[in-house]
Amino acid sequence: MTLEAIRYGTGSLQILNQLLLPHQTVYEEIRGVQAAYEAIKAMKVRGAPAIAIVGCLSLAVELRAGAGGDDPVTFIRESLCHLTSARPTAVNMGRAARELIEFAENESMEKNSEQLRESVIAWIEEMLQRDVNDNKKIGNYGAQHILSGVPRDSVSVLTHCNTGSLATAGYGTALGVVRSLHALGRLKRVYCTETRPYNQGSRLTAYEAVAEGIPATLITDSMAALTMREMAISAVVVGADRVVANGDTANKVGTYQLAIAAKHHGIPFYVAAPSTSCDLSLESGRDIIIEVRPPEELTSINGLPIAAPDVTAHLNLTTGAAHM
Ligand SMILES: CSC[C@@H](O)[C@@H](O)C(=O)COP(=O)(O)O
């Protein structure tokens with residue numbers, strides 16, 4: 001069974017509300033750009049590739065209904081800029097926005113508004129299929145590469161956050177590598193960190209693993225270094241929100257300490273990401289905007305307080321510049 005985070009048919013878009021997983025499976029209708037912006041901001045849909053795909057598909061839904069009238073390029077530009085501001089670190093949305101705006105501007109030189117809408121919709125619809133194909137290749141290359149260091153044995157790997165079907169159009173990036181290892185019969189076990197504070201590991205990665213019969217063990221974030229030392233981990237594989245020109249990578253908070261612990265234990269550390277997560281316009285990770293979320297997301301779970309009232313809390317949701 002493959003989990004579907006995004007359901008799209010001509011003129012209609014639904015997302016699986018990931019805040020309710022794993023206890024409830026609820027698909028929500030996304031009728032346009034503002035609904036997608038709100039769903040992305042609230043993290044009902046998350047994961048850098050899925051954010052970009054849902055954002056762009058919400059635009060396709062509105063264009064299909066004739067949005068933008070006689071000036072679709074202005075509508076497209078404004079919508080994409082708004083969507084890009086919802087989650088600033090993950091670059092896939094910003095990158096898709098830049099490419100799509102340029103495409104629409106070029107198309108507008110030769111096509112009328114209706115034709116332009118059609119070609120922009122077709123561009124967006126291709127994103128879905130491209131993402132699944134890219135992920136399968138990442139999974140395959142990643143698995144082959146890890147196995148090249150261990151010719152016969154099964155391997156155990158450690159991963160962080162959720163980078164699977166739920167974070168992409170399907171299959172996943174880092175979790176795609178895990179899936180491929182499992183499909184080859186060479187995965188002994190994947191260790192998934194719970195990934196505080198949103199628990200994408202315990203709620204989402206564990207859910208995907210259980211649904212597909214992938215041998216998985218959930219660990220707390222604080223157990224990662226010990227697990228590396230004790231459990232014969234062959235590789236740590238994570239996803240990326242943004243990879244810049246010098247290789248610095250921003251990803252879910254906690255990734256930085258995993259990279260340091262992996263280095264300490266001599267374990268290869270891999271970032272599995274599509275080219276849509278690369279941002280060569282920035283030279284160093286120090287230039288990446290790091291997403292800071294409201295402290296309440298740290299001091300409470302589902303509205304239930306779990307910290308001393310009035311304590312000062314700070315929540316970076318992505319790791320800062322880390323050369324990994
Ligand atoms: C294929 S998902 C890549 C990254 O976006 C992923 O590693 C990640 O950290 C997701 O974080 P999230 O905050 O849940 O959007």
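## Two domains

The C-alpha centres of domain 1 and domain 2 lie 26 Å apart in this structure, which is a predicted model. Domain 1 covers residues 6–132, while domain 2 takes in residues 139–305.

## The contact between the domains

Where domain 1 and domain 2 touch, 22 residues come from domain 1 and 23 residues from domain 2. On the side of domain 1 that touches domain 2, the elements giving two or more residues are the helices α2 (48–64), α4 (91–107) and α5 (113–148), and among these it is α2 that provides the largest share, with five residues.

What kinds of residues make up the side of domain 1 that touches domain 2? The residues of that side divide into 14 that are nonpolar, four that are polar and four that are charged.

## A three-stranded sheet

As a general point, the strands of a sheet pair through backbone hydrogen bonds, and they do so in either a parallel or an antiparallel manner. In this model, three strands form an open sheet in the order β9-β8-β11, and the pairing within this sheet is mixed. The strands at its edges are β9 (249–250) and β11 (278–279), each of which pairs on one side only.

Strand β8, made up of residues 242–244, pairs with β11 in the parallel sense, and this pairing runs over two bridges. To follow the pairing at the level of single residues, one may look at valine 243, whose bridge partner in β11 is cysteine 278.

Notes. Residues are numbered from 1 along each chain as its sequence is written. This is a predicted model: local features need pLDDT of at least 70, side-chain atom pairs count only at pLDDT 80 or more; totals for chains, interfaces and linings use all residues. Domain bounds come from an automatic or database domain assignment. Two residues are in contact if their C-beta atoms, placed from the backbone, lie within 7 Å. Helices (H or I, at least four residues) and strands (E, at least two) are DSSP runs, numbered from the N terminus. Ala, Val, Leu, Ile, Met, Phe, Trp, Tyr, Cys and Pro count as nonpolar, Asp, Glu, Lys and Arg as charged, and the others, Gly among them, as polar. Two strands pair if DSSP finds at least two bridges between them.
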